[in-house]
Amino acid sequence: MSTPYPFTALVGMRDMQLGLLLNSVNPAIGGVLIRGEKGTAKSTAVRALSALLPRLEVVPGCRFSCDPAAPDPGCPDGPHEGAAGKTRAAHLVELPVGASEDRLVGALDIERALSEGVKAFEPGLLADAHRGVLYVDEVNLLHDHLVDLLLDAAAMGSSYVEREGVSVRHAARFLLVGTMNPEEGELRPQLLDRFGLTVEVTASRDTDERVEVVRRRLAYDADPAAFAARWADEEDALRERIAAARELLPSVRLGDAALRQIAATCAAFEVDGMRADLVMARTATALAAWADRTEVTADDVRQAALLALPHRRRRNPFDAPGLDEDKLDETLRQHAADDEENGTDGEGDGDDDPDPDRGPDGPDGPDDPGGGRPPQDGTPPQEQPQDGTHEEGRETAGGEDDGPRDQSDADSGARGDAADGAEDADGTGRPGAPAPEQPAAPAGEPFRARTLYVPGLGEGASGNRSRARTAHGRTTGARTPRGALGRLHIPATVQAAAPHQHARGRQGRGLVLRRDDLREVVREGREGNLVLFVVDASGSMAARKRMSAVKGAVLSLLLDAYQRRDKVGMVTFRRSEAEVALPPTSSVEAAAARLDSLPTGGRTPLAAGLLKAREVLRVERMRDPSRRPLLVTVTDGRATGGGEPVERARRAARLLAADGTASVVLDCEAGPVRLGLAGALAAELGGSAVTLEELRADAVTDLVRHATGTGAPGAQPGQVPGPRTAHPRPQNRDHQQNPQNKQNRRAA
């Protein structure tokens, strides 16, 4: 077994250390989520912590690590009354991102359950982690239903496995630790709230500290055992301190004054629900026990708020976790003053602490993770600027400008096309004078967008956009298992086995089953797609109000992609080329940031943008062939630059259509006179065109256009989309009258 890096040898990262240690003192806090950039010792710290946990007394042979002094009465391996115990180290169990549900919670042998009537249960990772540490690296990449199961078990302290009427329950109490890099995508706010504490970690910018990190790591790599021996005394002292804090925890008193401070703080920051209050109370008592005190102080409440509230302040996917410390201090001071005025017992006040620099963890040292230090270096969240630029964007969100202003914008865009990126008259594409750079327009206010989806039936990753065969959803049939048996389809299995019972010599009530009798459930649900945006950033889009409306529409689609668990990417084109502004990623936040700083100006190389998108999709198809793409082209349909720009754009569109790429064109053309260029592009792509007004979910305009008896959702008059066409999901009477749409509605 390899020697872990000593926990006390970590340099800096005091907030991360404190969050881990508090959960080791009181696992009921609900775990800790460590957010940070790559290379910040997140995984190293978690693995180091497991070596500090006290050794356990377990029942020999029990697969669920029952305590012989207090065995679980419902243990599947029980009963254990009177069993002798043995000592072993606490387990560190790592949950891989690609784990299945059965690997996490355990699996029942349904074949033996039906034929022999026994509960043959194979424990999962939750059972192995009982009374130890369960570590999930890159928890933001884990499927949502697995995160739900994981957090349910952590909250209830037990795991339930239900399969076709057969159920097993076992204890599952563990220290839950998740790590993630926000650049790779965020957890949904609902899942963030389930983690007790969250800490942010960043690499130190102090030269001396970075030198010490490298020095210690090189020494560990050269001789792990010798390096660990140098820190053995500090490790033993910290291990004893954890054990002492655990023993003291039941004696810690949470007075009414401290409890009222907790409630007032959660109310002041308008956190949802009551989980934050409970987590703060448990964290504050753990802080007191860690500091060898039996009374919770105001300092404990403050530190508990800094650990438990920042991630619960997110209101939408693009909000960064954070907490206004000035507001926190004001809330605590105001409540302390109210208590003094009302004569409330102020045992938790803490304002007269003779040593204000002393946190709940005592003096600085290897075992002092910096109690009282804010988890985010004290940086409050930045307020949204209230200048006129944002108001300007909100006025035009969704393309609601009046006609004359739209015509002015269109004329301005046309002049920009003529002036920006000037090319020589022979059309060879040689650039002339440099095009002026247009400042990035602010995004308009996002709105609830209508759902765009990929037609057909996929088999991609679980999500909430397009129809797909998934592990979860409504049952649509049964099939012979392909490899390991999934969910058993009992009626189909019985039907397959029934004709052979006499020949197999059946006696009694049980069925005589063979492996080839088994049938598994086929389910239909929803998948997540790859939504690739191709954004026209040329001079024709440069009118400020117009670009704000376009950015607001794209931001709305990004919010929709976040909620539907899609991957997103972005290609932009202007001047004479196209570039990949954002490779396909699960981080919708990164796409929003790139969109916000998107400059405009120059010619409109539409063909280059479409060809670049085709190349991105080709590479991504090799990486993840089961994830179906949805191409969203944001343009007014104009194409300039080089020879025959319009024809080259049409050829590029036909190539994408030949690849079977589902497409939607977001028509940004404005003004009372419209040329319909975006609609013509959509026809070449084999997709549909949607205007900014039609993109709104609450728009009066219907998205269903029927040709004479052969129309389909989103089709232009006379256009019959093929099977690759991506449709907006309609919500009107025409939709209900379309038989294909009825089928789609039943699938949802």
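Is C66 buried or exposed? In this predicted model, C66 is buried, with a relative accessible area of 4%. A search of the whole structure finds zero disulfides. C66 is accordingly in no disulfide, and the nearest cysteine sulfur, that of C75, lies 3.6 Å away. A pair of cysteine sulfur atoms has to be within 2.5 Å to be counted as a disulfide, so the separation of C66 and C75 does not qualify. Another cysteine, C668, has a relative accessibility of 3% and likewise counts as buried.

Salt bridges were examined next. Side chains of opposite charge can pair when their charged atoms come close. Over the whole structure, 35 salt bridges are found. Three of these pairs are described here, beginning with one inside a helix. The side chains of D236 and R239 meet in a salt bridge, with an N to O distance of 2.7 Å. Both residues belong to helix α10 (residues 232-248), and because they are three residues apart they are separated by about one helical turn. D236 is partly exposed, at a relative accessible area of 35%, and R239 is also partly exposed, at 26%.

A second pair joins R465 to D566, where the closest N and O atoms are 2.6 Å apart. This salt bridge links distant parts of the chain, since R465 is in strand β13 (residues 462-470) while D566 is in the loop between α18 (544-563) and β17 (567-574), 101 residues apart. R465 is buried, at 3% relative accessibility, and D566 is buried as well, with a relative accessible area of 4%. The pair does not stand alone: R465, D560, R564 and D566 are linked in a network of salt bridges.

The third pair consists of R479 and E520, whose closest N and O atoms are 3.0 Å apart in a salt bridge. R479 lies in strand β14 (residues 474-479) and E520 in strand β15 (residues 520-527), so the salt bridge ties together parts that are 41 residues apart in sequence. The two partners fall into separate accessibility classes: R479 counts as partly exposed at 28% relative accessibility, whereas E520 counts as buried at 6%.

The strands that carry R465, R479 and E520 belong to one sheet. Three strands form this open sheet in the order β13-β15-β14, with antiparallel pairing. β13 and β14 stand at the edges and have a single partner strand each, so one side of each is left without a neighbour in the sheet. From one strand to the next, the twist averages 35°. Between β14 and β15, which run antiparallel, there are five bridges. R474 has E524 as its bridge partner in β15.

A parallel pairing is found between strand β19 (residues 629-635) and β20, which are joined by six bridges. T633 stands opposite V665 in β20. Strand β20 (residues 662-667) has six of its six residues buried, so this strand is largely enclosed by the rest of the structure. In a regular strand the side chains alternate between the two faces of the sheet. In β20, A662, V664 and L666 point one way, S663, V665 and D667 point the other way, and all are buried. Cover is therefore present for residues pointing either way from β20, including the charged D667.

Helix α13 (residues 298-308) gives a helical case of the same kind of enclosure: 10 of its 11 residues are buried, so the helix is largely enclosed by the rest of the structure. The buried residues are A298, D300, V301, R302, Q303, A304, A305, L306, L307 and A308. Among them are D300, R302 and Q303, alongside V301, L306 and L307.

Nonpolar side chains also occur at the surface. V213, V214 and L218 make a nonpolar surface patch of about 260 Å². Of these residues, V214 is placed in helix α8 (residues 207-222). V214 counts as partly exposed, at 47% relative accessibility.

Notes. Residues numbered from 1 in each chain as written. Predicted model: local features only at pLDDT ≥ 70, side-chain atom pairs only at ≥ 80, totals over all residues. Heavy atoms only, no water. Buried < 20%, exposed > 50% of the residue type's maximum accessible area, 1.4 Å probe, protein only. Helix = DSSP H or I, 4+ residues; strand = E, 2+ residues; numbered from the N terminus. Salt bridge = Lys/Arg side-chain N within 4 Å of Asp/Glu carboxyl O. Patch = residues over 30% accessible without salt bridge, like charges linked within 9 Å, V, L, I, M, F, W, Y side chains within 5 Å. Areas by Shrake-Rupley, 256 points an atom, 1.4 Å probe, with all protein chains shown as cover. Pairing = 2+ DSSP bridges. Axes fitted to C-alpha atoms, helices over the stretch in contact; angles between N-to-C directions.
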